[in-house]
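Trainee: I have a structure open on my screen and would like to talk it through with you. Could you take me through it step by step?

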Amino acid sequence: MLKFKSPVYMLRRAIYIVTFLLLMIGNRSLAQCPVNMGFDMGTFQGWEGYTGTIHDPDGTITLNNQGIVNGIHTIIARKSKQTDPYAHFPVASPNGSNYVAMLGNDSRGGGQNKAQKLTYTFTVPQNNNNFSLIYYYAVVIEDPVDARHTDLNKPKFAAAVYNLSDNKPTDCANFDFVSIGTLPGFGAATTQTSNNDVYFKPWSPVTIDLRGYAGKTMRLEFTTNNCGPGGHFAYAYIDVNQNCTSPLSGNIICSGNNTMTLKAPSGFKAYAWYNGRNFTQVIGTDSTYKLSPLPPVGTQYSVVVTPYDGLGCQDTLTTTIQSSENLILNVKSSIAVCRNVGADITTPDITSGSDTAFVYTYYKDAACTTLIDDPTNITDVGTYYIKATPPSECFFVKPIRVSFLPTPVLKITSPPEVCEPLTVDITKAYVTAGSALIGNSPLTYYTDAAASQPLSNPDKIGKSGTYYIKAINTANGCADIEPVTVLINNLPIIKTSNIVACETADITSPAANAGNENIARYTYWLNAQCTDTLKHPEAITTTGRYYIRAYSAAGCYVSTAIDVAVYPYPVTTVTDPPAVIFPQTIDITHAFTTQVGTQFAFYIDSLATRLLPDPSKISVRGTYYIQAYNLNNCAKIFPVHVKILPPVIVDYGINTFTPNGDGNNDVFRLKITKAVRLNHFRVYNSWGALLFETTDYLKGWDGASNGKKMPVGTYYWIMDAYDLYLNKPIQQSGSVTIVL
């Protein structure tokens, strides 16, 4: 629901809320409104736009981005026939203008605490102290009702007139409207958001008195904002009528009338009408006052207007009864235009010879109740009505009959797309089949939509593009110009590289087709006519010439030859060499059969990336690889298995010896092979004294120490060595006994 920011504001805001028709007015003559104040140019020329944010929870607004923002500041044309998406009232202003402005939108959520503003700066005409602003507004606003929202941070609309000359706001023209409970004049929108809290006020007029500001520079300001948390919106529609009239209208006696009605600006709380400036007796209390019989010319009437609380100041408006001028309105009785152009009844020639003071509006009915959506583009035969309004507000209405001349109607079927180098003929009958042509005038062809640049070769077009066909009724010059689309697809670009391969060749590989462009698929053939299919283009085994046809996505194709040379792999047999016992080595340079032209290389890995340093002396068991390659650089890799058996490293079974000099078992030594590198061999007595030490595995202990024979008994040995086969250290100990 909607309510006022405070109780004092409740009734006043019902009158003045959110979107506007602005009229700048002098009291007695048709005042010239500032340029585009009413968006009549269909643009924001002369207006300044701003965007920013509303802060939560204090509701202060920061507008730090200057410039018109599409979607935030929006021009809407009457001919678009839009209705508001929530309230469904017409977006077009009821005053008949062609454009309105929309300030804000319904986007919210996700922290969109946005605010937006429109301003227009103008100068009140010199010597005009009876100047007023009259604006229409329509507003759609979402009212949050949860505890997070206060009067400060709810969606709002504000209107103000600022006196730039004196650097202060005007006294009676600044309003601030906020969505708070039961706002008078508002209704619930027929289409709701999920919270069912969208309210609206349809188009309504408001006036702002600027009397006494002659020569002052003023700025008109309008602002809308979402709520502080960003989850609720407010937006407004604004319109400005470029025909600025007096605050009091109806003061002109129109010819033929015997009554007249004086009209005060709408939207005030109270009205009091008086004869002249005699304020002793009230003669009327409505916004209008009907006079019958007609008073004499020169009679004065006054009205005291009282605004709602807080929305302006009490004021007195005075008008003088005048007679209407002898005005002339000339309107063509009828116009006939070409059917496909649309009739424009707003051009000066339609009302040529009429008085220049008229402002024209255009209607579908003689009572002038239904405006024409777009009087510059009438597409239906019929009688329409032009209403001419002079400064006096008397008006004249005259009809104009709109009809349409016989006009050719082209029906175009664009030709099928082709592939270059073919051309397209748009003069063929099927292209314009079904057209309604008039007379025997030939069709003409152009490169531009205005049909000003003739197409020299419509029967042989070699370039894709949009071209134009023109049919004309030579009797009246009415023509129809329609586009025709020509699509000539580019051929694929295929760049093949001849293939040299071993055993099988693959012409589908990227290497065979590098640099190709605009290709969707390939086919492969045995002959140049591409009639004999190559069944396995990925595994060709025979040297020869083959053919590739490349297709674009549009089906265009080109064919090209590719030469393929297929060579055999070398033929050889590899035999694993016999096993040996370490530290013997194996020679694999003769582990295969040879053939003329074949060479061999030896590797540690199966990918043939690490050469074997000496394939004739391999000392480590494992799998090695022999690469056989021929003069055509075709190579095969064969594994060869090298078996080097482990040796008997050390015989630890010897535990006695007889060092008696008989030449038999006189020396104690361990049986150690060359597969062991001896670091040291030491012998100790039972007391731990070192008796013997050597690093030579061939030397042994003769039972003596420092030349002295050791007695019979048990002695202890320690060996420290390294196993060259298993690549690990050996540490061993034991005992030996001397016997005789």
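Mentor: We can start with the chain as a whole, then turn to the disulfides, and end with a sheet; please keep in mind that this is a predicted model.

Trainee: Okay, how many helices and strands does the protein chain have?

Mentor: The protein chain has 1 helix and 50 strands.

Trainee: And what share of the residues counts as buried?

Mentor: Of the 740 residues in the protein chain, 46% count as buried. The accessible surface comes to about 36300 Å², and carbon and sulfur atoms contribute 51% of that area.

Trainee: What about contacts between residues that are far apart in the sequence, how much do they account for?

Mentor: If you take the contacts in the protein chain with a separation of 6 or more, 67% of them are between residues 24 or more positions apart.

Trainee: Switching to cysteines, how many disulfides are there in the whole structure?

Mentor: A search of the whole structure finds 3 disulfides. One of them joins cysteine 338 to cysteine 478, with the sulfur atoms 2.0 Å apart.

Trainee: Where do those two cysteines sit?

Mentor: Cysteine 338 is in strand β24, residues 334-338, whereas cysteine 478 is in the loop between β30 (465-472) and β31 (479-486), so the pair ties together parts that are 140 residues apart in sequence.

Trainee: Is that disulfide left-handed or right-handed, and why?

Mentor: The disulfide of cysteine 338 and cysteine 478 is left-handed, because the torsion about its S-S bond is about -85 degrees.

Trainee: Are the two ends buried or exposed?

Mentor: Cysteine 338 has a relative accessible area of 15% and is buried, because buried means under 20%. Cysteine 478 is buried as well, with a value of 0%.

Trainee: Which cysteine does cysteine 419 form a disulfide with?

Mentor: Cysteine 419 forms a disulfide with cysteine 556, and their sulfur atoms are 1.8 Å apart. This pair links distant parts of the chain, 137 residues apart, with cysteine 419 in strand β28 (residues 418-419) and cysteine 556 in the loop between β35 (544-551) and β36 (557-567). The link of cysteine 419 and cysteine 556 is left-handed, with -90 degrees about the S-S bond, and cysteine 556 is buried at a relative accessible area of 0%.

Trainee: And what does cysteine 502 pair with?

Mentor: Cysteine 502 forms a disulfide with cysteine 634, their sulfur atoms being 2.0 Å apart. Here too the pair links distant parts of the chain, since cysteine 502 lies in strand β33 (residues 499-502) and cysteine 634 in the loop between β39 (622-629) and β40 (635-642), 132 residues apart. The torsion about the S-S bond of cysteine 502 and cysteine 634 is about -95 degrees, so this disulfide is left-handed, while cysteine 634 counts as buried at 0% relative accessibility.

Trainee: Let's move to the sheet with 5 strands, what order are they in?

Mentor: The order is β43-β50-β49-β45-β46, in an open sheet with mixed pairing. Its edge strands are β43 (656-657) and β46 (690-694), each of which pairs on one side only.

Trainee: How many bridges join β49 to β50, and do they run parallel or antiparallel?

Mentor: Strand β49, residues 713-723, is joined by 11 bridges to strand β50, residues 728-738, and the two run antiparallel. If you want a place to look, tyrosine 716 stands opposite serine 735 in β50.

Note on methods. Residues are numbered from 1 along each chain as its sequence is written. This is a predicted model: local features need pLDDT of at least 70, side-chain atom pairs count only at pLDDT 80 or more; totals for chains, interfaces and linings use all residues. Side-chain values use heavy atoms; hydrogens and water are left out. Two strands pair if DSSP finds at least two bridges between them. Helices (H or I, at least four residues) and strands (E, at least two) are DSSP runs, numbered from the N terminus. Buried means under 20% relative accessible area, exposed over 50%, partly exposed in between (1.4 Å probe, protein chains only). Contact means heavy atoms within 4.5 Å. Accessible areas come from the Shrake-Rupley method with a 1.4 Å probe; for residues, only the protein chains shown count as cover. A disulfide is a pair of cysteine sulfur atoms within 2.5 Å.
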